[in-house]
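This note sets out some remarks on the side chains of one structure. Please read it with the sequence and the model at hand.

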Amino acid sequence: MMYRQAILNDCALLAELNHQLIHDEGHRNKMTVPELEQRMKGWLASEYAAVIFEDCEEVISYALYREQPEEIYLRQLFVARNRRRQGIGRQAFEILRSIIWPANKRLTVEVLVKNKAAVAFWRAVGCKDYSLKLEILPKKNL
């Protein structure tokens with residue numbers, strides 16, 4: 001597996017993958033691919049960085065993260081649907097942890113509690129439960 005830092009020209013690709021991620025994890029985000037592309041451009045132009053993982057020139061995964069003085073906040077890690085359950089997520093995460101990110105920083109990632117597969121993945125790679133965000137949705141207008 002090869003990897004490279006994403007550039008602004010990758011934002012359309014990243015937006016499409018992000019759209020799949022939103023759908024797969026059951027997130028309520030209703031943004032369109034063009035809206036996600038604009039958001040991704042803003043992120044990459046400012047505080048976020050992304051890494052694209054490829055196999056034989058096929059994009060198989062990406063990670064979007066923000067490095068802060070004492071912490072790495074991993075906002076998104078996505079593996080292409082046709083490449084899941086092959087160890088790619090673990091391999092991408094290991095590359096991030098051992099090569100790209102400094103070892104002396106805390107890593108945080110947020111996961112939707114209803115996304116059982118993602119919760120299991122993050123626990124399997126060593127993440128520990130830290131907090132639980134609870135919510136009450138507004139009542140719908142009748």
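The points below concern a predicted model and deal with its salt bridges and with one residue of a helix.

1. Overall count. A search through the whole structure yields 8 salt bridges. Three of these pairs are taken up below, namely R4 with D10, D55 with R83, and E67 with K105.

2. The pair R4 and D10. These two residues form a salt bridge in which the closest N and O atoms are 2.8 Å apart. R4 is partly exposed, its relative accessible area being 29%. D10, by contrast, has a relative accessible area of 9% and is buried, because buried means under 20%.

3. The pair D55 and R83. A salt bridge joins the side chains of D55 and R83, with 3.0 Å from N to O. D55 belongs to strand β2 (residues 49-55), while R83 is found in the loop between β4 (71-79) and α3 (88-100); the pair therefore ties together parts that are 28 residues apart in sequence. As for accessibility, D55 is partly exposed at 26%, whereas R83 is buried, with a relative accessible area of 15%.

4. The pair E67 and K105. The closest N and O atoms of this salt bridge are 2.6 Å apart. Distant parts of the chain are linked here: E67 is in strand β3 (residues 58-67), K105 is in the loop between α3 and β5 (106-109), and the two are 38 residues apart. E67 is partly exposed, with a relative accessible area of 41%. K105 has a relative accessibility of 16% and counts as buried, because this value falls under the 20% limit.

5. A shared network. Which residues are joined into one network by salt bridges that share partners? They are R4, D10 and E54. The pair of point 2, R4 and D10, thus belongs to a network that also includes E54.

6. The residue N18. This residue lies in helix α1, which covers residues 11-25. Is N18 buried or exposed? N18 is buried, with a relative accessible area of 2%. When its neighbours within four places in sequence are left aside, N18 is in contact with L36, R39, M40, Y62 and Q76.

7. Points to check in the model. The reader may wish to locate D55 and R83 and to follow the chain between strand β2 and the loop that holds R83. The same may be done for E67 in strand β3 and K105 in its loop. Finally, the contacts of N18, among them Y62 and Q76, may be viewed together.

How values were computed. Residues numbered from 1 in each chain as written. Predicted model: local features only at pLDDT ≥ 70, side-chain atom pairs only at ≥ 80, totals over all residues. Heavy atoms only, no water. Salt bridge = Lys/Arg side-chain N within 4 Å of Asp/Glu carboxyl O. Buried < 20%, exposed > 50% of the residue type's maximum accessible area, 1.4 Å probe, protein only. Helix = DSSP H or I, 4+ residues; strand = E, 2+ residues; numbered from the N terminus. Contact = heavy atoms within 4.5 Å.
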